[in-house]
Structure formats: C-alpha cells, structure tokens
Amino acid sequence: MIRMRVFLWVLVALVVGVLGLFAYQLRQPKDEFVESAMIGKPIPGFDLPAAVGDRPGLSSRDLADGRPKLLNVFASWCVPCAAEAPQLAQLEARGANIVAVAIRDRPEDVAAFLAAYGNPFSRIGKDDISAVQLSIGSSGVPETFVVDGHGVIRYQHIGDIRDGDVAVLLEKLREAQGA
Amino acid sequence: MMHLPPSVGDFRESRSLVGFLARAFKAHWVPAFAGMTMVWCAIALSSTVQAQDSLPPAPYAYRQLDDPALEAKAQALMETLRCLKCQSQSIADSDAPMAGDMRHQVRTRIAAGEDPEHIRAWLVERYGDYVSYKPTVSATTWPLFAVPALLLVLAVLILRRRLGGAR
C-alpha cells in the first residue's frame, strides 16, 4: 500500500516536471534561424558571373587567395540588406575585404541598389537559382560569412549586421587571419 | 444528436445550455475569428511584399521531370525536405522562391541520376538534420524512439501485476 502511494507521488512529480518543462520552453524566445553546418568546412566549388558591370564575378578560387574575406549574401529586393549598408561600409573602411553573392536579382536592380546604398564589395557574383546559397548552408538574405585565406568558412552571421556586430566580425576576420 | 433551438441568437434563452453556448460563440468567437483572419491576411500580405524578387522561378521549380518515374522519386524526396523560409512546410508545399530553387536542385540532380538519399545527405551536411522531415535514429533522437517502447513495457508489466493480483 505504501509502495503504491510512493509510486503515485512519483507519477505526480513526473507530470508536474513535464508541465514545468513545457511552461519553461514556451517562454523561451523562438529561434527561427537555421545555422549553417558548413562552419569549419571548405567552401564548395562555384563560379558565378558578374552581377554588375563594374565589379568582377565571384568564384570559390577567389575565396582561397590567401586573404580572409567577408562573404555577404544579399539581394536588392531584401529590406534588411539596405539596413546593413552603413555597417558594411564601416567594415570596409576598417580594412575588411568584402565580396558578395546577389541572390535572384537583375543586374539593373543590383546596380540601382548599390547606387542608392553604397558599394562596399570588391566582387559580386550573380546567383539566380540560389545554388551557391544552398551549397554554403545559407537560409536567407542577408547573411555574412567569414572565410579564411584557404577558403574555409569560419563564421556565419545571420540577418542584418547591426552596430554591435561590426566589432565581432572584425575580430572573427582577425582570427581567420591566423588560421 | 443536437438540435439547435430556432432562436439561436435569442438572448432571453439564457437558461438553456445550447442557448448559452450559442450566445457565447456569437459574442466572442465570431469577432475573434474575424480578427484573427484579418491579422493573418495582413501578415501574409506584408511578408509577400517584403520577399518580392524580380526573377522568374528556376526552370525546374514548377516544371515536372519528363520521366514520370524520376518525377515520382523527386516528389517523394521533396515532400520530406523542409522549406527554410516557411519552416513548417515542405519544399513541395511552399511557393517561397527559395523552396522553388531547392526543388530545382532536387529535380536536376535526380534527372542526372543522383540517389535521393544522397541529395538528402548533401542538404543535411549544409543545414543539419533540421532540413529533413524524415525521422532518423541518432545520438540526439534515440530517446524519442526508446521512451514509447519503454512505456509500453512498463504498461504491460503493471497490467500483469494488477491482473495477477486480482486472481
């Protein structure tokens, strides 16, 4: 009889525990970001044509030329991409070499976007079917990857770059320099 | 069987349960549903406006493969891959441009003779298990499979003890 009682209390504790876990998890903010699983892996081979007239296209070889780079995945139709333009300009001013992939975009739209918000990119590849985006595990625009001199992906920033992220990205670039 | 009284909206019929429920439904749920619908429409509209890109869909985003056997293979795989833009839909269900681009990848790779599980592995390598809807037993998921089996064993044991005690 006593054993039965103990068992029932254990059951109650178990149910309360499970409900408590639900209550806790439901209060956690929802994380909708899908992180790339490619961090630490070499960037897959690709060769994209130029997205605009005044910048060359981008290939995986350009990302393994010995110098670490920021790889920005953006689109002219993407609102947060315009919002991060000042931060990208800051990164460029502080010595970052930034290359870009324009996702599903027309050359004239990219040109107009860059004319309006500035062009911090040394190269811009044109990815009309999100092939490169899928190959590096990026799930949206904008995203910014740190790629070291050997073409290995070192860090991923999801979403627009805010003021506080500039220092983080510069630090990650410095770390990639040593790699 | 439940018959609604002819005066569903009659406020004087306060003592009947059906009348009470009908009134409560009218007073709270109808405006609530209307409000929710409006909110959802607004959300749907705003996200479409935001995610507008100007390019046509990838060639095989909406076009089926000519070979029905290959298309069936592709379709089966697409139904078990998660759309990364609209995360509770499969890429077969979603009209997001990125889902279209993923369908293009799947169809062209299947057409080139690639094995569906190889394509899945390629995506999992990039996005983690999250991209696949197909359940797999792994270091993190094994309790999901073990716990029901354990509960079943426990239930059988308890039942046997109880029934045994009654005899």
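**Figure 1. Contact between chain A and chain B in the predicted model.** Chain A contributes 20 residues to the contact, and chain B likewise contributes 20 residues. On the side of chain A that touches chain B, eight residues are nonpolar, six are polar and six are charged. One residue of chain A with a partner in the other chain is Ala75(A), which is in contact with Asp53(B).

**Figure 2. Surroundings of Ala75(A) in the loop between strand S3 and helix H2 (79–83) of chain A.** Ala75(A) is buried, since 26 other C-beta atoms lie within 10 Å, where 20 or more suffice for that class. Neighbours within four places in sequence being set aside, the contacts of Ala75(A) include Cys81(A), Ala102(A), Ile103(A), Arg104(A), Asp105(A) and Val141(A). Asp109(A) stands 34 residues away from Ala75(A) in sequence, with a C-alpha to C-alpha distance of 9.0 Å.

**Figure 3. The open sheet of chain A.** Five strands with mixed pairing make up this sheet, in the order S5-S4-S3-S6-S7. Its edges are formed by strand S5 (121–127) and strand S7 (153–158) of chain A, each of which pairs on one side only. Direction ignored, neighbouring strands are turned by 20 degrees against each other on average. Helix H6 (residues 163–178) of chain A packs on the sheet and touches S3, strand S6 (143–147) and S7. The direction of H6 makes about 170 degrees with that of S7(A).

**Figure 4. Pairing of strands S3 and S4 of chain A.** Strand S3 (residues 69–74) and strand S4 (residues 98–103) of chain A run parallel and are joined by five bridges. Phe74(A) has Ala102(A) as its bridge partner in S4(A). Ala102(A) is also among the residues in contact with Ala75(A).

**Figure 5. Backbone features in three loops of chain A.** Val141(A) and Pro142(A) are joined by a cis peptide bond, with omega about -10 degrees. Pro142(A) belongs to the loop between helix H5 (131–135) and S6 of chain A. Arg104(A), in the loop between S4 and helix H4 (107–117) of chain A, has a phi near 45 degrees, a positive value in a residue other than glycine. Arg104(A) counts as buried, with 26 C-beta neighbours inside 10 Å. Ser130(A), which lies in the loop between S5 and H5 of chain A, has a positive phi of about 55 degrees although it is not a glycine. Ser130(A) is likewise classed as buried, with 26 C-beta neighbours inside 10 Å.

**Figure 6. Helix H2 (residues 68–78) of chain B and its buried face.** The buried residues in this helix are Lys73(B), Ala74(B), Leu77(B) and Met78(B). Seen down the axis of H2(B), these residues fall within an arc of 130 degrees and therefore line one face of the helix. Pro68(B), Ala69(B) and Ala76(B) are exposed on the other side of H2(B). The cover over the buried residues includes helix H3 (97–111) and helix H4 (116–127) of chain B. Chain B has five helices and zero strands, and 18% of its 167 residues count as buried. Among contacts in chain B between residues at least 6 apart in sequence, 47% join residues at least 24 apart.

**Figure 7. Domains of chain A.** The domain assignment gives domain 1 (1–30) and domain 2 (47–178) of chain A. The centres of these domains, taken over C-alpha atoms, are separated by 48 Å.

Methods:
Residues numbered from 1 in each chain as written. Chains lettered and ligands numbered in written order. Predicted model: local features only at pLDDT ≥ 70, side-chain atom pairs only at ≥ 80, totals over all residues. Pairing = 2+ DSSP bridges. Helix = DSSP H or I, 4+ residues; strand = E, 2+ residues; numbered from the N terminus. Axes fitted to C-alpha atoms, helices over the stretch in contact; angles between N-to-C directions. Contact = placed C-beta atoms within 7 Å. Nonpolar A, V, L, I, M, F, W, Y, C, P; charged D, E, K, R; others polar. Buried ≥ 20, exposed ≤ 12 C-beta atoms within 10 Å, placed from the backbone. Arc of directions from axis to C-beta. Domains from an automatic or database assignment.
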